[in-house]
Amino acid sequence: MSIGVVVMAYGTPASAEDLAAYYTHIRRGRPPTEEQLRELRGRYDAIGGMSPLRRMTEAQRDRIAGALGDGFEVALGYKHTAPFIEDAVTMARDKNATEIVGVVLAPHDSRGSIGEYVERLGPDAKAIRSWHTLPEWRAFQANAVRAALTSMPSRTHVVFTAHSLPERVLEGDVYVDELQASAEGIAARAGLDRGTWSIGWQSASRTPEPWRGPDIADIVEALAAEGVEGVLVCPQGFTADHLEVLYDIDVVARRRADDVGLRFGRTAMLNDDAEVLTALAAEVRALAG
Ligand code: FEC
């Protein structure tokens with residue numbers, strides 16, 4: 001008898017051949033056009049062909065499993081590629097798990113993102129909806145900000161970014177409030193003065209409907225106009241090095257900063273940090289009890 005723990009994450013294609021299927025899944029079954037596929041492949045090529053996300057998610061899973069120890073059956077379930085969330089639940093049930101507890105490797109709740117992960121666990125499962133209040137996570141981010149600032153000019157503005165979502169999805173949702181609260185908490189711990197940091201958005205899709213902004217690229221331009229010397233991005237909505245960080249921030253936002261003459265920096269990602277993932281595992285254990 002054991003408790004089934006489903007560690008959930010976005011997922012990345014297992015190989016270049018899987019890219020079209022992955023993109024089709026993200027688009028809820030609508031295959032991308034040749035041009036859309038080519039454009040996405042170009043982004044992966046720019047970060048070396050494949051995303052490090054799979055390796056990193058597995059390392060994160062291993063940390064959580066190691067911290068939980070005996071009595072827990074830990075399986076990885078991806079949102080957009082195999083093994084899917086449903087596969088992980090089936091695996092845990094096949095191993096006679098008495099209950100299912102889910103946790104997403106993304107710190108902030110939102111109906112449109114985390115809500116979908118949790119729903120796919122099935123009606124009897126328990127789940128952690130958000131964990132950005134974990135002191136260990138806040139401390140990790142504050143340390144990352146402080147460390148990165150040591151190599152930035154004195155007049156540097158810090159932008160805490162997260163994935164944009166369509167305004168329609170954000171109506172009545174907790175996502176923006178949680179991101180604002182965690183940015184405030186990290187900024188306070190890092191000792192940032194009021195007016196030297198803000199929240200911003202990234203990775204919006206190009207669809208006709210409005211997405212939450214301002215986008216990090218526009219923020220960079222506005223900061224340059226205000227006479228700031230540097231911009232430090234802390235992608236607080238993500239936990240690992242992956243496409244949305246390595247391309248949207250490290251390539252696109254950095255290029256924009258170069259164009260307008262701003263020094264650019266980005267904080268280290270959580271990846272498989274033992275302290276934070278052990279604390280997250282303790283939350284899982286507490287929920288399962
Ligand atoms: O490294 C990798 O291979 C994968 C990186 C990756 C992560 C990620 C996380 C989030 N997304 C969120 C929302 C959306 C919405 C759409 C959307 C589309 C994409 C596409 C790719 C992609 N996302 Fe993603 N996301 C990652 C990758 N995402 C590739 C498709 C091309 C594009 O639009 O850029 C729009 C879907 C639609 O068309 O309807 C919405 C949110 C997160 C953070 C939470 C989480 O990790 O689950 C929110 C990592």
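Which residues in α1 are buried? Select α1 (19–26), where L19, Y22, Y23 and T24 are buried, meaning under 20% relative accessible area with a 1.4 Å probe and protein chains only, whereas exposed means over 50% and partly exposed lies in between. Helices (H or I, at least four residues) and strands (E, at least two) are DSSP runs, numbered from the N terminus.

Before going further, note that this is a predicted model in which local features need pLDDT of at least 70 and side-chain atom pairs count only at pLDDT 80 or more, while totals for chains, interfaces and linings use all residues. Residues are numbered from 1 along each chain as its sequence is written, and side-chain values use heavy atoms, with hydrogens and water left out.

Now add α2 (34–46) to the selection: the buried residues of α1 pack against α2, contact being heavy atoms within 4.5 Å. Just after α1 comes R28, with a positive phi near 55°.

Next, show the ligand and the 22 residues that surround it, of which Y10, T12, Y44, S51 and Y117 are the closest; a residue belongs here if one of its heavy atoms lies within 4 Å. At least two residues of this shell come from each of α1, α2 and α10 (243–246). For the iron atom of the ligand, the only protein donor is Y10 through its OH, at 2.4 Å, where donors are N, O and S atoms within 2.8 Å of the metal (3.2 Å for Na, K and Ca), and sites may look incomplete as water is not among the atoms. Y10 itself sits in the loop between β1 (2–9) and α1.

Oxygen atoms of the ligand can be followed through three distances: 2.5 Å to a polar side-chain atom of Y117, 3.1 Å to a polar side-chain atom of R43, and 2.9 Å to a backbone N or O atom of L243.

Then centre on F160, which, with W131 and V145, touches the most other members of the largest nonpolar core, a set of 48 residues. Such a core consists of buried Ala, Val, Leu, Ile, Met, Phe, Trp, Tyr and Cys residues joined through side-chain atoms within 4.5 Å. Apart from this core lies another, of 15 residues, among them A97, A106, I114 and L121.

Finish at S203, in the loop between β6 (197–202) and α9 (216–225). S203 counts as buried because its relative accessibility is 13%. Not counting residues up to four places away in sequence, S203 touches H163, D215, E244 and D248.

Definitions and conventions: Polar contact = N/O pair within 3.5 Å; in protein donor to acceptor, adjacent residues only side chain to side chain.
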